[in-house]
Amino acid sequence: MVTAGPSTNSVTDPLRYGRALGYGVRLLACDGTEDGRIVEELGDAATADHIVVLVPGNDNYLGNYFNQKRATRPRANAQTLLETMGEVAPGERVAVVVWVGYRTPRGFGEAVSRRPALEGAQDLVRLTRFLPGSARVTLVGHSYGTVVCGLALGRGRVSDCVALGSPGMGARSRQELGFSGNLWAALGPKDWIRFFPRGHVGEIGHGPSPMRPGYGARVFETGDIPGHCSYYRQGSESVRNIARIALGRYEEVTPVVVPAPRRPSGEFTREAVVS
């Protein structure tokens, strides 16, 4: 039984990556401390051609990691994504790594600070370099996890980064991320994160949304998913698009279609007036 609970520590030791069995699953790292960091491998990353590193946001730690009924439930989300990748590209060698490898913020109060992301980004960079160099690595961050991804991109070995429901990525633009790969972003139609404050001063705040025009991200369709935690919903256009990106099937990714602006009521074209 996992007994680790929320951490009271602000600094964590570097994770030691390696393959082992623990808690009945395949682990790449687990500190087993009160901080409760855990990194699980689904599929065989050692032989995979396409690897997704799933980076969750707030309130995830070893003590609640195996609870599949939670709203964020990163382990269940990873299983859904792995299955969807198999459906999109049968026969491809794929794997998903669930990276709860940082001390995630506890609640909204801690989530406005970049400190947890700054402390975790270095371990995320090290994971991307631990994974096989022959594989395409895609980071998929959700919520605060997109901040960690953003701070790691400039130093990590990453082909694609997907930002889901992002409060900001710790930079004002794609150029500031220092990332030469493909940057993608999505925001569900009912996601409250769109109201998150966008400024930042020092370590407080995470900057503009990657959804902002001119930021430099490619925006994709999610379908009619509910709320902030449904980006991996089974059968959704959201999870299918994440799988397509991770597999390098960019031409199959459905973009967001922006409707043409409607004419104000009572406005007539020149042709209408002449007739």
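This is a short dialogue on reading the sheet, the helix packing and the confidence of a predicted model.

Visitor: Before anything else, what average pLDDT does the chain have?

Guide: The chain averages 89, and 89% of the residues score at least 70. Watch two stretches, though. Over residues 1–10 pLDDT stays under 50, and the model has 22 contacts there beyond four places in sequence. Residues 267–275 also stay under 50, with two such contacts.

Visitor: On to the sheet. In what order do the strands come?

Guide: The general idea is that strands of a sheet pair through backbone hydrogen bonds, either parallel or antiparallel. Here you have an open sheet of nine strands with mixed pairing, and the order reads β1-β2-β3-β5-β4-β6-β7-β8-β9. At the edges sit β1 (20–22) and β9 (218–219), each pairing on one side only.

Visitor: Take one pair, then: how many bridges join β6 to β7?

Guide: Five, between β6 (residues 136–142) and β7 (residues 160–164), and the two strands run parallel. To find your place in that pair, look for valine 140, whose bridge partner in β7 is valine 162.

Visitor: Which strands does helix α1 touch?

Guide: Helix α1 (residues 74–88) packs on the sheet against β2 (25–30), β3 (38–43), β4 (50–55) and β5 (94–100), and its direction makes about 165 degrees with that of β5. As for α3, that helix lies across β2, β4, β5 and β6, running at about 160 degrees to β5.

Visitor: And helix against helix: at what angle do α3 and α4 cross?

Guide: Two packed helices are described by the angle between their axes and the distance between the axes. For α3 (residues 115–130) and α4 (residues 145–152), the axes come within 8 Å and cross at roughly 60 degrees. That crossing angle makes α3 oblique to α4. The crossing is right-handed. On the α3 side, the contact includes Ala117, Gly120 and Leu124, and on the α4 side Val148, Cys149 and Leu151 are among the residues involved. By class, the contact of α3 with α4 has ten nonpolar residues, one polar and no charged.

Visitor: How do the axes of α1 and α6 cross?

Guide: They come within 9 Å and cross at roughly 65 degrees, with α6 spanning residues 237–246. That makes α1 roughly perpendicular to α6, and α1 passes α6 in a right-handed crossing. Among the contact residues are Leu81, Thr84 and Met85 of α1, along with Arg240, Ile242 and Arg244 of α6. The contact of α1 with α6 divides into seven nonpolar, two polar and two charged residues.

How values were computed
Residues numbered from 1 in each chain as written. Predicted model: local features only at pLDDT ≥ 70, side-chain atom pairs only at ≥ 80, totals over all residues. Heavy atoms only, no water. Axes fitted to C-alpha atoms, helices over the stretch in contact; angles between N-to-C directions. Helix = DSSP H or I, 4+ residues; strand = E, 2+ residues; numbered from the N terminus. Parallel < 35°, antiparallel > 145°, perpendicular 65-115°, else oblique. Left-handed = near helix turned anticlockwise from the far one by under 90°. Contact = heavy atoms within 4.5 Å. Nonpolar A, V, L, I, M, F, W, Y, C, P; charged D, E, K, R; others polar. Pairing = 2+ DSSP bridges. pLDDT = per-residue confidence, 0-100.
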